[in-house]
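Me: Hey, could you walk me through this structure? I'm in first year, so plain words please.

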Amino acid sequence: MPDTRGGTRTGTRVELDDLADIGRGAAVLGTGGGGDPHIGGLLAGAAVRAHGPVDLTPLADLPDDAVVLPVAMMGAPTVMVEKLPSTDQVGRAIRVLTDHLGLEVTHLACIEAGGVNSLIPFVGAAELGLPLLDADGMGRAFPELQMVLPTVYGIRGTPMSIVDEKGNSGVLDTVDNRWAERFARSVTIDMGCSAMISDYWMTGAQARQALVPGTLSLAARIGRTLTAARTSGDPAGAVADLLGGTVLFTGKITDVARRTTTGFARGEARLDGTGPDAGSELLLEFQNEFLVAVRDGRTVSTVPDLICALDTQTGEAVRTEGMRYGHRVTVLAAPCDERWHSPAGLALAGPRVFGYESDPVRATPGPLPTPTEANR
Amino acid sequence: MRIGIDVGGTNTDAVLLDDDGSVLAAVKCSTSADVSGGIVAALSGLQHRRAFDPAGVRAVMIGTTHFVNALVEARRLAPTAALRLGLPATASLPPMVDWPERLVQAVSGRAYLAHGGHEFDGRTISELDEDELRRHAADMAAHGVRSVAITSVFSPVNTEFELRAAQVLAAELPHVAISLSHEIGRIGLLERENATVVNAALRELAGGIVDGLRTSVAGAGIDAPIYLSSNDGTLLDVEHARRYPVSTFASGPTNSMRGAAVLSGVHTCAVVDVGGTTSDVGVLQRGFPREATTEVSVAGIRTNFRMPDVLSIGIGGGSLVRGQGAEVRVGPESVGFRLVDEALVFGGSTLTATDIAVASGRADIGDASRVADLDPALVRTALERIASDVADAVDRMRTSAQPLPVVAVGGGSVLLPDHLTGAGEVLRPENFAVANAIGAAIAQVGGEVDRVFSIEPGKRTEVLDTARAEAAERAVAAGADPRTVEVLEVDEVPLPYLPGGATRIRVKAVGDLQLAPARREAVHA
């Protein structure tokens with residue numbers, strides 16, 4: 001994906017070969033959740049092979065009256081790797097909504113840059129020959145439909161379309177975005193726990209206000225950085241630098257405890273420090289994503305900032321369900337989009353929303369303060 | 001008595017074990033191109049070392065890398081069709097979509113999609129359409145397909161459609177081999193399907209090899225059942241080996257690790273197998289190799305069947321030693337099988353790890369006088385480098401801060417010191433050079449459950465007990481002595497977003513092979 005922007009404000013073009021980098025970077029932005037981008041990459045690859053490359057439009061280039069439609073997969077990642085989604089499902093999710101709205105869509109968008117949903121919109125864009133916005137609704141991965149910045153800006157998630165692979169489809173219209181999550185979740189389960197949705201349709205003006213700019217090209221840059229850092233040796237450090245974040249900890253997983261409550265796979269992983277972190281312990285609390293990092297009893301980073309675990313050697317993102325005893329991982333924290341730290345943002349996706357009695361702890365670049373400094 | 005044979009790429013090793021597991025005789029022969037020749041030579045070699053009555057042999061266990069090599073080299077693969085049941089789902093990513101083109105060609109791969117498949121909770125995606133299957137069968141026949149892999153969506157949850165489709169195809173194509181995905185892989189459609197297609201492509205070759213093994217064992221006058229060792233260290237009877245050749249893919253490293261456990265008497269340990277080019281490090285838990293939990297790529301194909309978790313580093317007896325002083329490097333480049341021509345101690349001109357071992361007095365191979373002038377500092381530094389790289393690999397494979405004993409096997413294990421930093425003492429059991437064959441001979445029989453269970457509140461223990469009992473029953477059905485069956489592993493992963501406490505549970509049980517009584521027990525020494 002050569003950067004052709006230069007002095008003009010033209011977009012970039014995503015070719016087949018760029019998809020793997022985007023998937024690898026999206027796995028990092030998935031902060032342990034968001035599903036395996038592998039299947040998303042295969043689907044996007046199939047669509048790009050059949051219909052050609054996808055044009056990425058920078059958010060800033062969007063006209064006010066553009067009609068923007070995000071498209072995403074909803075359901076259980078474990079189901080998606082077994083009942084593989086179909087590319088035509090993506091196109092149908094879009095058409096069902098545009099037919100209902102009576103609108104002509106001008107741009108597709110990505111609602112979640114982390115995990116599999118970074119790649120699903122490429123399928124629709126290739127198939128329908130529409131440009132895709134280089135932006136998304138959260139700048140990371142979150143588990144629920146209402147947890148997007150457009151909610152903060154009062155943009156309604158409905159009317160939304162939901163379609164399965166059998167040809168069933170529906171349009172939901174709900175009083176608020178939480179109800180959209182609730183109804184869509186029930187329908188998804190009836191559809192076999194894997195559905196395509198199109199929701200949060202918005203105008204160009206709204207999109208420029210509510211979306212996080214540049215996240216797909218950021219994912220591609222993370223992917224390329226990981227590939228390059230494999231030979232130079234410090235993939236996690238290189239990614240932390242790219243994200244303006246910091247490496248929290250390098251160590252080995254010594255214990256993983258899991259439990260299921262309220263539909264989420266909750267759990268915690270303990271890491272024993274190695275190298276410069278020898279003698280310290282990091283506790284990672286996760287639900288679908290990594291949400292809280294506690295070093296030697298002190299909380300060092302929390303949601304909504306990004307907490308990412310990378311395989312120390314290869315730099316590949318480690319997902320929460322892949323956490324296992326003995327795995328060598330490097331944990332980094334990176335700042336999320338600043339708007340998540342607004343009162344409205346925290347009310348939607350702060351630590352308390354996920355059940356942690358903690359104020360948000362911001363990841364800061366550079367070395368962490370020592371405990372004595374922090375306690376002073 | 002039982003006989004264990006390991007057919008490696010270069011050597012075929014064989015051991016004769018007493019009923020109590022003690023080694024009566026061991027031999028090493030060259031591997032022959034047709035497998036059978038090496039086995040005949042190994043059996044007569046054993047007979048030569050220690051005369052035994054063939055009628056006293058109660059089982060012959062064979063480990064072979066032949067099947068995986070056939071895939072890697074893309075030779076003798078049968079024209080294969082992949083039939084997937086799941087329409088209208090999954091159509092965009094047809095079978096073999098992620099394969100290297102070379103291998104699709106090698107198996108003359110044909111992909112078919114048909115209706116069928118289940119949801120995660122057992123509901124059907126669509127009903128099976130037998131006419132559709134018959135049309136596909138006719139097309140397969142027209143294209144000379146000789147083996148078919150059938151994969152239905154969520155078949156690990158519900159096997160019904162794969163079984164019914166197999167009946168329909170068998171009626172239409174009576175001479176075609178059929179492989180079913182639920183018998184081969186886990187949840188993860190593409191990976192399970194890939195493994196099944198690979199299995200299907202190897203069925204004809206497997207049949208030929210199994211027949212060859214039977215003939216050569218019978219030719220030595222042995223009338224005992226033959227088993228092949230599998231990836232997880234359990235045994236396959238020959239009929240299963242015919243049907244599931246993929247199950248033998250990783251038996252090499254598995255046999256060597258399990259052999260190390262038996263020889264050393266240590267059942268939870270790290271095993272370092274030092275060969276000519278690489279050292280393979282694996283971890284044994286209660287005598288079985290820890291499994292890789294992620295997808296495993298074989299010849300460039302993503303699969304998800306059971307494989308041991310092995311870390312390979314580029315250090316072996318043939319590793320090149322270069323540089324001076326603190327800059328000394330060992331490996332990863334190696335002279336490989338040319339060691340006997342190129343190493344200094346064999347009259348060559350390349351400084352190898354073997355020369356370092358001889359110069360330090362750890363090994364007595366070749367002509368020691370040819371390395372007498374090596375700089376002692378160079379020798380010391382090279383040995384330290386080897387020790388620290390291996391110690392680091394062992395440390396990476398450890399699963400806790402608990403000390404983990406290290407057992408060294410393989411011809412190159414003389415390169416290792418008696419003590420590894422951070423790991424402790426290095427155990428070097430007797431007969432370490434034939435650990436592979438011993439690992440094959442002591443293999444057990446396994447049974448396994450890997451399914452999504454629905455766990456209602458308060459019913460967790462009950463569900464786990466059901467899964468345990470089912471795994472144990474499967475082990476007994478596979479030939480294990482019920483008195484020896486124990487549950488080895490229980491793995492429980494709750495699935496996010498699914499209702500009804502959906503949890504994926506994997507249970508593995510193993511037991512000793514129930515041996516038929518020998519017709520005569522005596523060993524003629």
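**Salt bridges and more**

Reply: Let's start in chain B, where the side chains of Glu193(B) and Arg84(B) form a salt bridge at 2.9 Å, N to O. A salt bridge here is a side-chain nitrogen of Lys or Arg within 4 Å of a carboxyl oxygen of Asp or Glu. This pair links distant parts of the chain, with Glu193(B) in helix H6 (residues 189-201) of chain B and Arg84(B) in strand S5 of chain B, 109 residues apart. Helices (H or I, at least four residues) and strands (E, at least two) are DSSP runs, numbered from the N terminus.

Me: Before we go on, what sort of model is this, and how are residues, chains and ligands numbered or lettered?
Reply: This is a predicted model: local features need pLDDT of at least 70, side-chain atom pairs count only at pLDDT 80 or more, and totals for chains, interfaces and linings use all residues. Residues are numbered from 1 along each chain as its sequence is written, chains are lettered from A and ligands numbered from 1 in the order in which they are written, and side-chain values use heavy atoms, with hydrogens and water left out.

Me: Ok, back to that pair. Is Arg84(B) buried or exposed?
Reply: Arg84(B) is buried, with a relative accessible area of 0%. Glu193(B) counts as buried too, because its relative accessibility is 1%. Buried means under 20% relative accessible area, exposed means over 50%, and partly exposed is in between (1.4 Å probe, protein chains only).

Me: How many salt bridges are there over all chains?
Reply: The count comes to 43 over all chains. In chain B, a network of salt bridges links Glu130(B), Asp131(B), Arg134(B), Glu160(B), Arg164(B) and Glu172(B).

Me: Got any from chain A?
Reply: Yes, Glu181(A) and Arg185(A) meet in one at 2.8 Å, N to O. Both sit in helix H7 of chain A, 4 residues apart, which is about one turn of the helix. Both are buried. Then there's Glu268(A) with Arg270(A), at 3.9 Å, N to O. Glu268(A) is partly exposed at 22% relative accessible area, and Arg270(A) is partly exposed at 30%.

Me: What else is in H7?
Reply: Phe183(A) is found in that helix, which covers residues 177-190 of chain A. Phe183(A) is partly exposed, with a relative accessible area of 39%. Together with Val175(A) and Trp179(A), Phe183(A) makes a nonpolar surface patch of about 320 Å². Patches are made of residues with over 30% relative accessible area and no salt bridge, where like charges are joined within 9 Å and nonpolar side chains (Val, Leu, Ile, Met, Phe, Trp, Tyr) within 5 Å. The areas come from the Shrake-Rupley method with a 1.4 Å probe, and for residues only the protein chains shown count as cover.

Me: New topic: how far apart are the end C-alpha atoms of helix H4 of chain A?
Reply: They are 22 Å apart, which agrees with the 21 Å that its 15 residues (87-101) should span at 1.5 Å a residue. The expected span is 1.5 Å times one less than the number of residues.

Me: And which bits of H4(A) are buried?
Reply: Among them are Val90(A), Ala93(A), Ile94(A) and Leu97(A). The buried residues of H4(A) pack against several elements of chain A, including helix H2 (37-51), strand S3 (67-75) and helix H5 (120-128). Right after H4(A) comes Gly102(A), with a positive phi near 65°.

Me: Any odd backbone spots?
Reply: Some, given that most residues other than glycine have a negative phi, and most peptide bonds are trans. Tyr200(A) has a positive phi near 55°, sits in the loop between S8 and strand S9 (202-203) of chain A, and is buried at 0% relative accessible area. Ala299(B) also has a positive phi, near 55°, but Ala299(B) is partly exposed at 26%.

Me: Where are the cis peptide bonds?
Reply: One runs from Thr158(A) to Pro159(A), with omega near 0°. Another goes from Leu87(B) to Pro88(B), with omega near 10°. Pro88(B) is in the loop between strand S5 (80-87) and helix H3 (101-106) of chain B.

Me: Last one: how is chain A divided into domains?
Reply: Into domain 1 (12-216) and domain 2 (232-354), with bounds from an automatic or database domain assignment. Their C-alpha centres lie 25 Å apart. In chain A, 32 residues of domain 1 are in contact (heavy atoms within 4.5 Å) with 29 residues of domain 2.
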